[in-house]
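Here are some brief notes for your review. Please read them alongside the structure.

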Amino acid sequence: MGRGVYHPSMRLSTRRLALAALLPLALAARPAAGPGALPPIVFVSRNPPPAAAGAIPGLGPGARTLAPGGRLLLRARDGTVRELLPPGALWDVSDPCIAPDGRRVAFAGTAAPESAWCIWVAALDRADLLAGLARVTRPAAIPGAAPKSRHPDDVDPCWVDDSTLCFASTRYPQLDQYGGDPVSNLFLMRLPDGEPIRITAERNGAEEPAMDFRRGRILFARWWHNRYMPADEPPGLTTDPARTSRADTVNLWHAMEVRPDGSDEQLACGAPATRLSAMAYQPAVLADGSIAAVYAANPGLSPRSGAAGIQRFAPRGAAGRRLAGAIAGDGGARAGYGSPGGLAPASACAPAGLPDGRVLFAYDPGGRGDFGLYVMRADGTELARVLDLPGTLELDPAPLVAGPRGLRVTALPRRRAPELPCTTLEQALRIPDTFRFLDLNVFESPADRALPAGPAPVPGARIRFYATLAREGTAGGDTVALVREAAVGLDGRVDESGLPAGLPMFEQIVDRDGHVLRGARGAALMVTHGVAHRVTHGAIPGSAPAAAHVAGLNAGSPGGTTRCIGCHVGHSTLLRRDLRGAAAR
């Protein structure tokens with residue numbers, strides 16, 4: 001493995017450095033409506049995808065590893081633009097992230113159109129010229145994996161401290177339940193030559209990590225979906241939408257947060273109002289601590305995102321408020337939203353916070369697929385163009401500014417996670433690490449009356465814990481197995497220990513005859529496996545009462561306890577606010 005940015009072999013010849021430094025891009029002139037003072041900005045300029053109409057490179061499972069070709073560029077304070085890498089060093093690049101020292105840039109790159117994406121680190125001198133370049137990950141083929149997931153990719157790097165990177169990778173071989181694309185998960189590695197350690201076990205995807213230095217936690221986007229739906233007939237599960245008893249299904253990306261060791265995963269932002277107001281891809285922490293993230297016309301981003309926009313969560317538990325990009329309606333939940341009246345919708349993505357509180361982002365105002373870099377205030381006003389090069393897509397801006405000083409070296413997970421997912425129930429039950437599931441009352445109703453009530457207490461109710469097992473050669477990429485069935489207490493309490501950790505699971509509550517319990521009319525119910533979220537459209541007029549069934553999958557952390565209250569959508573909002581009080585009752 002490469003020696004990071006510290007190895008002497010990273011030194012480039014003076015001639016190559018001069019070539020990289022003397023490639024100003026004249027057409028990157030200042031826009032007429034100036035963006036004001038800006039720090040240096042590292043970004044990528046990528047070719048339009050020729051065979052993927054409507055795709056935004058890097059946005060979603062089907063576009064995360066598109067390789068149309070691109071360059072890593074730097075816009076200086078005076079507005080001039082130059083290439084950071086020597087010509088021909090890499091075929092394509094994406095997702096630059098600035099180290100806390102302000103002198104190194106981690107990014108994803110691929111050497112050829114069909115090569116694996118790897119993580120690279122570029123070192124800059126005090127004149128912001130390239131002083132060194134090293135590849136720090138080398139994903140190898142996975143023996144026995146399906147052809148589609150056999151050759152993993154590493155993307156989306158972010159710095160956790162001065163010597164630790166977090167990135168997304170498809171090294172943990174699974175195919176997602178919806179589109180059959182390789183599944184991403186988060187990995188941690190110590191520079192210069194540490195081995196990547198997996199810290200998430202998401203069933204459908206975990207990517208776009210961003211470090212929240214104030215809270216010491218990693219934000220990331222998770223794909224929340226479960227192809228197994230509740231059914232009235234035994235065994236209470238189906239993958240056929242025509243046979244499900246659920247009034248609504250869930251398929252979206254939302255922002256989660258987790259400790260660097262992979263523990264204490266929970267929702268990072270979003271309100272229980274509607275699905276779109278909770279969608280958050282490419283989350284970014286702004287100067288005031290609020291979160292800006294991407295929403296899209298297709299919240300699942302597969303096979304394509306459709307038009308996209310940026311919304312801000314301030315406070316984090318509130319509904320997202322649109323700042324720029326597509327105007328998207330969602331059941332009237334967004335006041336002031338409307339239809340663009342037949343015009344091609346604008347798109348916005350890749351938000352990044354500036355030290356002065358503004359938001360830097362990629363924007364396609366004409367809806368033609370031609371992104372440039374723009375800046376706006378945190379409330380979406382005073383939008384101004386920074387640059388837009390002809391014929392290419394300018395994406396993934398990263399302000400070249402130093403982060404917090406004196407960061408502690410991040411503690412790595414004590415135990416290395418398995419390299420391959422479980423394929424049999426026997427393997428799952430032999431997992432040495434376990435977790436505790438604690439629901440204080442599955443019948444609890446939310447304090448927020450805008451949320452649907454949970455099911456009425458039923459004597460003899462039981463909870464079923466299901467797990468998905470990898471089956472890459474089958475439709476949906478998995479099969480389902482019942483791990484445990486346990487009694488629900490008369491007071492609604494569920495306290496189960498010894499459940500296998502690091503295994504994608506979901507729950508379902510049934511009566512004594514095995515029929516799935518139902519809640520308020522039009523309410524999509526779920527137990528959350530201890531993770532805070534709310535991901536439905538809300539009440540659906542005329543729909544049947546929905547089932548007490550998890551709409552996505554979660555994995556417990558080794559030795560941890562997942563705590564929740566209720567069995568209804570939005571109960572995790574109650575979790576943060578009232579868990580201690582409820583536990584004391």
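1. Two strands count as paired if DSSP finds at least two bridges between them. Strand S19 (residues 291-296) and strand S20 pair in the antiparallel sense, over six bridges. Note that this is a predicted model.

2. Stay with S19 and S20 for the register. Alanine 296 has alanine 308, in S20, as its bridge partner.

3. S20 also pairs with strand S21 (residues 321-325). The two run antiparallel and are joined by four bridges. Isoleucine 310 stands opposite alanine 324 of S21.

4. How covered is strand S20 (residues 308-313)? Mostly: six of its six residues are buried. Ala308, Ile310 and Arg312 point one way, while Gly309, Gln311 and Phe313 point the other way. Arg312 is buried along with the rest.

5. The fold as a whole: the protein chain has three helices and 34 strands. Of its 585 residues, 61% count as buried. Among contacts between residues at least 6 apart in sequence, 63% join residues at least 24 apart. The accessible surface comes to about 22400 Å², and 52% of that belongs to carbon and sulfur atoms.

6. Next, a pocket. The second largest pocket has a volume of about 1000 Å³. It is lined by 37 residues, and Cys97, Met211, Val285, Ala352 and Gly353 are the closest to its centre. By class, the lining has 28 nonpolar, three polar and six charged residues.

7. Which strand gives the largest share of that lining? S12 does, with five residues. Strands that each supply at least two residues include S4 (92-98), S8 (154-161) and S26 (393-399).

Note on methods:
Residues numbered from 1 in each chain as written. Predicted model: local features only at pLDDT ≥ 70, side-chain atom pairs only at ≥ 80, totals over all residues. Heavy atoms only, no water. Buried < 20%, exposed > 50% of the residue type's maximum accessible area, 1.4 Å probe, protein only. Contact = heavy atoms within 4.5 Å. Areas by Shrake-Rupley, 256 points an atom, 1.4 Å probe, with all protein chains shown as cover. 1 Å grid on protein atoms, 1.4 Å probe; cavity = no way out; pocket = protein on both sides within 12 Å on 5 of 7 lines; lining within 4 Å. Points joined across faces, edges and corners; volume = space filled by probe spheres on them. Nonpolar A, V, L, I, M, F, W, Y, C, P; charged D, E, K, R; others polar.
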